[in-house]
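Got the viewer open? Here is a short walk through the model, with something to select at each stop.

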Amino acid sequence: MFFINALYKRDVLESLLFAVALAVGMSLELLPMVLSINLSRGALAMSKKGVIVKRLPAIQNFGSMNVLCTDKTGTLTENKITLVLHIDSDGISNDKVLLFSFFE
């Protein structure tokens, strides 16, 4: 917008202020669209790795996770529960984690 106003020989300072005001106004209006596009790109990237995303806001929560704990791994498909690994916050296998997480 600034270059178009400069092309038509308008006042440079006034053109600059108008262009900045227009950019600030548009960025706030376009923020939901930018967020939706980025979340859908994340869903597409995850779908290439075999992950199904039902809700786009779930990707925001997934991106902020450090540790993912799941339950019933394989019970729907194999009808059995399998413990793959039990590690502490440092990533080291620790039997105390298994002991504290087990309950009847």
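One cut-off before we start: a residue is called buried under 20% relative accessible area, exposed over 50%, and partly exposed in between. Keep in mind, too, that this is a predicted model.

**Stop one: M1.** Select M1, in the segment before α1. Buried, exposed or partly exposed? Its relative accessible area is 46%, so M1 is partly exposed. Now show what M1 touches, skipping neighbours within four places in sequence: you should get F18, A19 and L22. While you're there, draw a C-alpha to C-alpha distance from M1 to V20; the two are 19 residues apart in sequence and 9.2 Å apart in space.

**Stop two: the whole chain.** Zoom out and colour by secondary structure. You'll find five helices and zero strands, running α-α-α-α-α along the sequence. How much of the protein is buried? Of its 104 residues, 9% count as such. Contacts tell their own story: among those with a separation of 6 or more, 2% link residues 24 or more positions apart. Switch on the surface and you're looking at about 9,700 Å² of accessible area, with 64% of that belonging to carbon and sulfur atoms.

**Stop three: helix α2.** Select residues 12–47, which is α2, 36 residues in all. From its first C-alpha to its last, α2 reaches 49 Å, close to the 52 Å expected at 1.5 Å a residue. Where does α2 bend? Centre on L30: the bend there is about 45°, and a proline, P32, follows within four residues. Then pick out the buried residues of this helix, S15, A19, L39, A43 and M46. A19 should ring a bell, as one of the residues in contact with M1.

**Stop four: the nonpolar patch.** Select M1, I4, L7, Y8, F18, L22, M26, L30, M33, V34 and I37, and show them as a surface. Together they form a nonpolar patch with about 1,100 Å² of accessible area. The elements giving two or more residues to this patch are α1 (2–7) and α2. Which of them gives the most? That's α2, with seven residues.

**Last stop: V34.** Finish on one member of the patch, V34, which lies in helix α2. V34 has 38% relative accessibility, so it counts as partly exposed, just as M1 does at 46%.

Terms used:
Residues are numbered from 1 along each chain as its sequence is written. This is a predicted model: local features need pLDDT of at least 70, side-chain atom pairs count only at pLDDT 80 or more; totals for chains, interfaces and linings use all residues. Side-chain values use heavy atoms; hydrogens and water are left out. The expected span of a helix is 1.5 Å times one less than its number of residues. The bend at a residue is the angle between axes fitted to the seven residues ending there and the seven starting there. Buried means under 20% relative accessible area, exposed over 50%, partly exposed in between (1.4 Å probe, protein chains only). Patches are made of residues with over 30% relative accessible area and no salt bridge: like charges are joined within 9 Å, nonpolar side chains (Val, Leu, Ile, Met, Phe, Trp, Tyr) within 5 Å. Accessible areas come from the Shrake-Rupley method with a 1.4 Å probe; for residues, only the protein chains shown count as cover. A salt bridge is a side-chain nitrogen of Lys or Arg within 4 Å of a carboxyl oxygen of Asp or Glu. Contact means heavy atoms within 4.5 Å.
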